[in-house]
Amino acid sequence: MVNDDQAAVSAAMDGGGIVRILSYKIQKEVQDGSLVVLLPDDEPPPVPVHLVASEHRLTLSKVRAFMDFAGKRLRANFNETMPPAISSSPTERRRAGQAAFPTIPASA
C-alpha cells in the first residue's frame, strides 16, 4: 500500500500488483506497453476539466498567461477538441455563443 501515485505506478510496473489511477497519469506507460488496462469496459466516463476565472481576473496578464499556457497543455495532453479561444469578457463570449466560462473536456 502506498500513498503516492508515482509509487503505485512504479510498483505496478515492477510486477507489484494492480493500480487504479487516472488515465492521464499513465498515458505514456500504456502507450509504450509498460502497463496495460485490465478492464477497459469498466472505466468511468470522462470528467471535464474547467479553467475558471472571474471577468476581473481575466484582465490580469498573469492569469491570462496561465489560462493560455494551461489550455494549450491540456489540449495537447488530452487530445480533445477545444472550444474557441477565451475572449476578454463574459458578455463578448455570450455574444459569440460561447459559455461564460469555457470548459476543457478531458479524459479521466
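**Exercise 1. Is Gln6 buried, partly exposed or exposed?**

Task: Classify Gln6 by its relative accessibility and place it in the predicted model.

Solution.
Step 1. Locate the residue: Gln6 lies in helix H1.
Step 2. Read its relative accessibility, which is 45%.
Step 3. Apply the cut-offs: buried means under 20%, exposed means over 50%, and partly exposed lies in between. At 45%, Gln6 therefore counts as partly exposed.
Step 4. Look for a residue that is distant in sequence. Gln6 and Lys25 are 19 residues apart along the chain, and their C-alpha atoms are separated by 8.5 Å.

**Exercise 2. The overall architecture**

Task: Describe which secondary structure elements the protein has and in what pattern they follow one another.

Solution.
Step 1. Count the elements: the protein has five helices and two strands.
Step 2. Read along the sequence, which gives the pattern α-α-β-α-α-α-β.
Step 3. Consider burial: 22% of the 108 residues count as buried.
Step 4. Consider the surface: the protein exposes about 7,900 Å², and carbon and sulfur atoms supply 55% of this area.
Step 5. Consider the contacts between residues at least 6 apart in sequence: 47% of them join residues at least 24 apart.

**Exercise 3. Confidence in the model**

Task: State where the confidence of the prediction is highest and where it is lowest.

Solution.
Step 1. Begin with the whole protein: its mean pLDDT is 75, and 70% of its residues reach 70 or more.
Step 2. Turn to the elements. Confidence is highest in helix H1 (residues 5-13), at a mean of 93, and lowest in strand E2 (residues 103-104), at a mean of 44.
Step 3. Identify stretches with pLDDT below 50. One of them covers residues 80-89, which have 26 contacts in the model beyond near neighbours in sequence. Another covers residues 97-108, with 46 such contacts.
Step 4. Draw the conclusion: where pLDDT is low, the predicted coordinates should not be read in detail.

**Exercise 4. A salt bridge**

Task: Find which residues form a salt bridge, and explain which parts of the chain the pair ties together.

Solution.
Step 1. Recall the principle: side chains of opposite charge can pair when their charged atoms come close.
Step 2. Apply the cut-off of 4 Å between a side-chain nitrogen of Lys or Arg and a carboxyl oxygen of Asp or Glu. By this rule the count comes to one salt bridge.
Step 3. Name the partners: Asp5 forms the salt bridge with Lys25, and their closest N and O atoms are 2.3 Å apart.
Step 4. Place the partners. Asp5 lies in helix H1 and Lys25 in the loop between H1 and H2, so the pair ties together parts that are 20 residues apart in sequence.
Step 5. Classify each partner. Asp5 counts as partly exposed at 35% relative accessibility, and Lys25 counts as partly exposed at 33%.

**Exercise 5. A buried charge**

Task: Determine how far Glu29 is from the nearest side chain of opposite charge, and name its contacts.

Solution.
Step 1. Locate Glu29, which is found in helix H2 (residues 27-31).
Step 2. Note that Glu29 is buried yet has no salt bridge. The nearest side chain of opposite charge is Lys28, 5.2 Å away, whereas the cut-off for a salt bridge is 4 Å.
Step 3. Leave aside the neighbours within four places in sequence: Glu29 is then in contact with Val9, Met13, Ser34 and Leu35.

**Exercise 6. Two residues of helix H4**

Task: Describe Val63 and Arg64 by accessibility and by their distance to Ala53.

Solution.
Step 1. Locate both residues: Val63 lies in helix H4, and Arg64 has its place in helix H4 (residues 61-78).
Step 2. Classify them. Val63 is buried, with a relative accessible area of 17%, while Arg64 is partly exposed, with 22%.
Step 3. Read the C-alpha separations. Val63 and Ala53, ten residues apart along the chain, are separated by 8.1 Å; Arg64 and Ala53, eleven residues apart, are separated by 9.2 Å.
Step 4. Add the contacts of Val63: beyond its neighbours within four places in sequence, Val63 is in contact with Ala53 and Arg57.

**Exercise 7. A nonpolar patch**

Task: Identify which residues make the nonpolar surface patch, and classify Val36.

Solution.
Step 1. Name the members: Ile18, Val36, Leu38 and Leu39 make a nonpolar surface patch of about 480 Å².
Step 2. Place Val36 in the loop between H2 and strand E1 (49-50).
Step 3. Classify Val36: with a relative accessible area of 65%, Val36 is exposed.

Methods
Residues numbered from 1 in each chain as written. Predicted model: local features only at pLDDT ≥ 70, side-chain atom pairs only at ≥ 80, totals over all residues. Heavy atoms only, no water. Helix = DSSP H or I, 4+ residues; strand = E, 2+ residues; numbered from the N terminus. Buried < 20%, exposed > 50% of the residue type's maximum accessible area, 1.4 Å probe, protein only. Lys, Arg positive; Asp, Glu negative; His and termini not counted. Contact = heavy atoms within 4.5 Å. pLDDT = per-residue confidence, 0-100. Patch = residues over 30% accessible without salt bridge, like charges linked within 9 Å, V, L, I, M, F, W, Y side chains within 5 Å. Areas by Shrake-Rupley, 256 points an atom, 1.4 Å probe, with all protein chains shown as cover.
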